[in-house]
Amino acid sequence: MYLADEAWPDLESYFEAESLALVPLGSTEQHGPHLPEGTDHIIAEAFARRAAEETGYLCTPTINVGVSPHHRQFHGTMSVDAPAFRDYVESLTRSLTEHGIDRVLYVNAHGGNVDHLREVGRRLRDTETMYAIEWMWDESITERIQEVFERPGPHGGPKETSLIQHLAGELVHEDRIEDARDGGLVEFDESSGRVHGARTFYDAIDNTENGVLGDQTDASAAVGEELFEAALEHLCKLCEWLAAQPFEDLMPKPHV
C-alpha cells in the first residue's frame, strides 16, 4: 500500500490492523557522468514500494534530498544541513504515531544519511515514542556483491549502475560507462585517502575527479535484477520480523 495513493477513509483499516510503515530515503546528488542524480532515491523508492506490495505494509512518500555536502563540487547536487535533515525526518516520523504507527523501517540508499537516521532512531526510542531502524540494500547482500564484482566501489560503481540499469535503464548513459571507470577511482579500499591512519579527505572530488568509484563496466541490468530481488527478500523478511516484535521488547532496557 502506498500512502499517497490512498484516500483517508481507505487508510483507516490499515491503521486499525497494522503498526509498521516503510519510509524510503535517498539523495539528489552526482553519481558520475553515466548515472542520474536521483540514483539513490530511485533505488530506495523501488525497494520500499516493492516491499509494500509484497508484504502489504504501508509505504510513505520518498525523502529525495539527503545529507550530501561531500558531493557539492559537482553540478546539480542538492543537500540539506545535517541538523535540519535529522529534525525533518524525526518530525515526519513522529507524525506517523498519530495514526498508530509505532515502528518504522527507513529504507535508505544513501550512505550520507546513515549516521543521521541512527541518531533519529535513538531519539525516538529513548523517549519510547517508537522504534525506527535504518536498512540499506547493499549491506544485506555484501557477500553476493563481492562475488559478482571485482571492484564494486561504494559510490556510482557497478552495483548502483546495475540497479539503475534494471530499474530505470533509460536514465543510464551507456556510452559514458567506460569514461566513468577511466575518469574515476577504480581501486578503493580502507587505505584510500588515508595518511598514517587519518582520513585526509572531506569531499568525493578529493579522491575521484568524476565522482565515482569502482569499475562500472562490470555492471548489467541482469545483475541488477538479481541483486534487487536478493536484497528485496531480506527487506521483506525484516518487515515481518519487526512487525512480530512486542513493542516493549523494542524499547530501552531499564538501568541495571
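**Helices, pockets and loops of the predicted model**

Helix α4 has 13 residues, which at 1.5 Å a residue should span 18 Å; its end C-alpha atoms are 18 Å apart, so expectation and model agree. The structure described here is a predicted model. The buried residues of α4 are Val114, His116, Leu117, Val120, Gly121 and Leu124. These residues lie on the same side of α4, because the arc they cover around the axis is only 165°. Asp115, Arg118 and Arg122 are exposed on the other side of α4. The cover over the buried residues of α4 includes two further elements of the early chain, β1 (20–25) and α3 (82–97), together with β3 (103–108) and β4. Just after α4 comes glutamate 128, with a positive phi of about 55°. Glutamate 128 is not a glycine, yet its phi is positive. This residue sits in the loop between α4 and β4.

Helix α4 also takes part in both pockets described here. The largest pocket holds about 1400 Å³ of space. Its lining counts 44 residues, and Gly111, Pro154, His155, Phe188 and Leu213 are the closest to its centre. At least two lining residues come from each of α4 (114–126), α5 (142–148) and α6 (158–168). By class, the lining of the largest pocket divides into 15 nonpolar, 14 polar and 15 charged residues.

The second largest pocket encloses about 190 Å³ of space. Its lining is formed by Leu117, Arg118, Gly121, Arg122, Arg125, Asp126, Tyr131, Ala132, Ile133 and Glu134. Two elements, α4 and β4 (131–136), give two or more residues each to this lining. The largest share, 6 residues, comes from α4. The lining of the second largest pocket has 4 nonpolar, 1 polar and 5 charged residues. Several of these residues recur from the description of α4. Leu117 and Gly121 line the second largest pocket and are among the buried residues of α4. Arg118 and Arg122 line that pocket too, but these two are exposed on the other side of the helix.

Helix α1 (residues 8–17) buries Leu11, Tyr14 and Phe15. The arc they cover around the axis is only 95°, which puts these residues on the same side of α1. Glu16 and Ala17 are exposed on the other side of α1. Among the elements that cover the buried residues of α1 are β1 and β2. Strand β1 is thus named in the cover of α1 and in that of α4.

Helix α2 (residues 39–55) also has the expected span. At 1.5 Å a residue, its 17 residues should span 24 Å, and the end C-alpha atoms are 24 Å apart, which agrees. The buried residues of α2 are Thr39, Asp40, His41, Ile43, Ala44, Ala46, Phe47, Ala48, Ala51, Ala52 and Thr55. Strands β1, β2, β3 and β4 are included in what covers them, as are helices α6 and α8. Glycine 56 follows α2, and its phi is positive, near 85°.

Serine 68 belongs to the loop between β2 (58–59) and α3. Its relative accessibility is 0%, so serine 68 counts as buried. Leaving out residues up to four places away in sequence, serine 68 touches Ser27, Glu29, Thr77, Met78, Ser79 and His110. Threonine 97 is 29 residues from serine 68 along the chain, and the C-alpha atoms of the two are separated by 28 Å.

Histidine 196 lies in the loop between β5 (194–195) and β6 (198–199). Its phi is near 50°, a positive value in a residue other than glycine. Histidine 196 counts as exposed because its relative accessibility is 87%.

Alanine 244 is placed in helix α8 (residues 221–244). With 58% relative accessibility, alanine 244 counts as exposed. Its C-alpha atom is separated by 32 Å from that of valine 67, and the two residues are 177 residues apart along the chain.

Key
Residues are numbered from 1 along each chain as its sequence is written. This is a predicted model: local features need pLDDT of at least 70, side-chain atom pairs count only at pLDDT 80 or more; totals for chains, interfaces and linings use all residues. Side-chain values use heavy atoms; hydrogens and water are left out. On a 1 Å grid over the protein atoms alone, a cavity is a set of points where a 1.4 Å probe fits but cannot get out, and a pocket is an open set with protein on both sides within 12 Å along at least five of seven lines; lining residues have an atom within 4 Å of a point. Grid points are joined across faces, edges and corners, and a volume is the space filled by probe spheres set on the points. Helices (H or I, at least four residues) and strands (E, at least two) are DSSP runs, numbered from the N terminus. Ala, Val, Leu, Ile, Met, Phe, Trp, Tyr, Cys and Pro count as nonpolar, Asp, Glu, Lys and Arg as charged, and the others, Gly among them, as polar. The expected span of a helix is 1.5 Å times one less than its number of residues. Buried means under 20% relative accessible area, exposed over 50%, partly exposed in between (1.4 Å probe, protein chains only). The arc is that of the directions from the helix axis to the C-beta atoms. Contact means heavy atoms within 4.5 Å.
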